[in-house]
Amino acid sequence: FQSDKEMLKKTMRKFLKHIMFFLTPVIAILLIAADPLVFIVLTSKLSPMFPYFQLLMLIGLFTPVRLMNNQLLNALGMVKTTFQLSLVRNSLIVMNIFVLSDYGILYLIFGELIISLVMIPFLTVITNRQIGYSPSEQLKDLMIFFIAFLLALALGYVSSFYFSNNYLRILIGITVPLTSYFLFQYFFNKSFFGDNIKLIQD
């Protein structure tokens, strides 16, 4: 039984890291390039939607962590526990709507982001009890991706800030964060970077 737990932990770590390896640069690119892209595709009338889109992207950044932990508990037969946690989450969402609906959509989405972040510790604590994959271990495993994400985001914003041409901003918003992210992974996470290159080639 202990060996099964170790295998589950190893498998979850592998999948979670692979997902975050590919997801984080995509989120960084969307956060940077979305503003000029929305302006070109949907015209300036819908540019106020950009902050909503940014918050939704941040929610998407943390969603795999929540879903992976949730799916693991379901696989372990803890459907009752995940159902109870979903009731808690849905209750918080309803409270968020009642409390923040008068303040606008931006506050509602921000409230959803907070709820997503609040739920992760509960799920990871239960995961730790079941397979020994603690919240601190999960954070440690994913930290290399979050640091690279922030670096890519910062360099992308700074690089595109001084240009007014939207097409050029989109080009920079794609190439700069993508290049800086994968260079960071190559130098500071070389073994895992190599594994993913082999995965793509296969």
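# Notebook: a chain of helices

**Entry 1, helix α7.** I began with helix α7, residues 190-201, which has 12 residues and reaches 16 Å from its first C-alpha to its last, close to the 16 Å expected at 1.5 Å a residue. I note at once that this is a predicted model. Which residues of α7 are buried? I found F192, F193 and N196 to be buried there. They cover an arc of only 105° around the axis, which puts them on the same side of α7. I kept a general rule beside this entry: an α-helix has 3.6 residues a turn, so residues three or four places apart point the same way. On the face of α7 that is turned away from the buried side, I found the exposed residues S191, K198 and Q201.

**Entry 2, the whole chain.** I then stepped back to the protein chain, which has seven helices and zero strands, so that its elements, read from the N terminus on, run α-α-α-α-α-α-α. Along its principal axes the C-alpha trace spans about 60 × 50 × 25 Å. Of the 202 residues in the chain, 38% are buried. I also looked up the accessible surface of the chain, which comes to about 11,800 Å², and 71% of this belongs to carbon and sulfur atoms. For contacts between residues at least 6 apart in sequence, I wrote down that 78% join residues at least 24 apart.

**Entry 3, salt bridges between α5 and α1.** How many salt bridges does the structure hold? I wrote down three. As a general point, side chains of opposite charge can pair when their charged atoms come close. E137 forms a salt bridge with K9, and the closest N and O atoms of this pair are 2.9 Å apart. E137 lies in helix α5 and K9 in helix α1 (residues 2-42), so the pair ties together parts that are 128 residues apart in sequence. I checked how open each partner is: E137 has 26% relative accessibility and counts as partly exposed, whereas K9, at 13%, counts as buried. The cut-off I needed here is that buried means under 20% relative accessible area.

The side chains of D141 and R13 also meet in a salt bridge, at 2.8 Å from N to O. Why does this pair tie together parts that are 128 residues apart in sequence? The reason is that D141 lies in helix α5 and R13 in helix α1. D141 has 10% relative accessibility and counts as buried, while R13, at 29%, counts as partly exposed.

**Entry 4, the salt bridge between α4 and α3.** I turned next to E112, which forms a salt bridge with R89, the closest N and O atoms being 2.8 Å apart. E112 lies in helix α4 (residues 105-131) and R89 in helix α3 (residues 79-100), so the pair ties together parts that are 23 residues apart in sequence. Are these two residues buried or exposed? Both E112 and R89 are buried.

**Entry 5, I59 beside α4.** From E112 I followed the contacts to I59, which is found in helix α2 (residues 50-75). I59 is buried, with a relative accessible area of 11%. What does I59 touch, when residues up to four places away in sequence are not counted? I listed I109, E112, L113 and S116. I59 and E112 are 53 residues apart in sequence, and their C-alpha atoms are 7.7 Å apart in space.

I then checked the length of α4 itself: at 1.5 Å a residue its 27 residues should span 39 Å, and its end C-alpha atoms are 39 Å apart, which agrees. Just after α4, I noted that G132 takes a positive phi of about 75°.

**Entry 6, a nonpolar patch.** My last search was on the surface, where V158, F161, Y162, F163, L168 and L171 make a nonpolar patch of about 670 Å². The elements that give two or more residues to this patch are α5 (135-161) and α6 (166-188). One of its residues that I looked at singly was L171, which lies in helix α6. L171 is partly exposed, with a relative accessible area of 49%.

Notes:
Residues numbered from 1 in each chain as written. Predicted model: local features only at pLDDT ≥ 70, side-chain atom pairs only at ≥ 80, totals over all residues. Heavy atoms only, no water. Patch = residues over 30% accessible without salt bridge, like charges linked within 9 Å, V, L, I, M, F, W, Y side chains within 5 Å. Areas by Shrake-Rupley, 256 points an atom, 1.4 Å probe, with all protein chains shown as cover. Buried < 20%, exposed > 50% of the residue type's maximum accessible area, 1.4 Å probe, protein only. Expected span 1.5 Å × (residues − 1). Arc of directions from axis to C-beta. Contact = heavy atoms within 4.5 Å.
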